[in-house]
Amino acid sequence: MISPEKNSFRRWHRFILLVLLMILLALSFLPKGVKELGQWLMVADPLEKAPVIVVLGGHLPYRAMEGAALHRGGWAPEVWLTRGIVRGEEQKMAELGIQMIQEENYSRMVLERLGVSGRSILLLPERMENTVAEVRLIARELRKRKESSVIIVTSKPHSRRVRATWKALVGDSPRAIVRYAQDDPFDPHTWWRYTDDALSVIREVGGILNVWAGFP
């Protein structure tokens, strides 16, 4: 059994490594300028037919729109939706007797409005708190069905982290084809000018460093 002291040491070791990686990454982008960072975060794997498209939660309505477009294009017969956790404000609204519509229900409405049959849409069973949990759940469900690949739809700046997380936790079996929403308004060339885009970049860089450091 590993002692608490050793566990604590490992956590600090990973934290220090994470900080060093962040510094190195920042230095590596200085010569090219901050413009390159936004573009670097965006990755799109070549499309291949797969049994399932998974639309990750968040960033309404763009991810669902992309999922619908891929489904209409014949890339996969099913579309799965992940579900986020119930936030504090939602719980408080429920206590007041006000029922909020969950995000995944909006995504379902977008899919159906854009031509995806309700029979082709599946809500994954558990609520997930973050990308790591989503990846683990998707991989588990795919393995239950003995599926070999999946198309995962996310937003532009989140795409590299999704790919890195899948590689770290799942590998190539099943294989993930990561795509970002084409209509996502994120502009990789001017991201620092807008608060939402800047926060997205900071969050994604931190998330990628967390993957590289072994999820400390």
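Which residue just after H6 takes a positive phi? Keep that question in mind while you walk through this model, which is predicted, so that local features need pLDDT of at least 70 and side-chain atom pairs count only at pLDDT 80 or more, while totals for chains, interfaces and linings use all residues. Residues are numbered from 1 along each chain as its sequence is written, and side-chain values use heavy atoms, with hydrogens and water left out.

**The whole chain**

Begin with the full chain in a cartoon view, where you can find eight helices and five strands; helices (H or I, at least four residues) and strands (E, at least two) are DSSP runs, numbered from the N terminus. Followed from the N terminus on, the elements run α-α-β-α-β-α-α-β-α-β-α-β-α. Of the 216 residues in the chain, 42% are buried, where buried means under 20% relative accessible area, exposed means over 50%, and partly exposed lies in between (1.4 Å probe, protein chains only).

**Helix H6**

Next, select residues 131–145, which form helix H6. The end C-alpha atoms of H6 are 21 Å apart, which agrees with the 21 Å that its 15 residues should span at 1.5 Å a residue, since the expected span is 1.5 Å times one less than the number of residues. Now show the side chains of its buried residues, among them Val132, Leu137, Ile138 and Leu142. The buried residues of H6 pack against strands E1 (52–55), E2 (78–84), E3 (121–128) and E4 (149–154), and also against helix H7 (159–169); contact here means heavy atoms within 4.5 Å.

Then look at both ends of this helix. At the N-terminal end, asparagine 130 acts as a cap, with a side-chain oxygen 3.3 Å from the backbone nitrogen of valine 132. Just after H6, select lysine 146, which answers the opening question with a positive phi of about 60°.

**Tyrosine 106**

Move to helix H5 (residues 103–113) and select tyrosine 106. This tyrosine counts as partly exposed because its relative accessible area is 39%.

**Histidine 189**

Finally, select histidine 189 in the loop between strand E5 (175–180) and helix H8 (195–212). Histidine 189 is partly exposed, because its relative accessibility is 44%. Leaving aside neighbours within four places in sequence, histidine 189 is in contact with Lys35 and Gln39. If you draw a distance between the C-alpha atoms of histidine 189 and lysine 35, you should find 5.0 Å, although these residues are 154 apart along the chain.

Terms used:
Polar contact = N/O pair within 3.5 Å; in protein donor to acceptor, adjacent residues only side chain to side chain.
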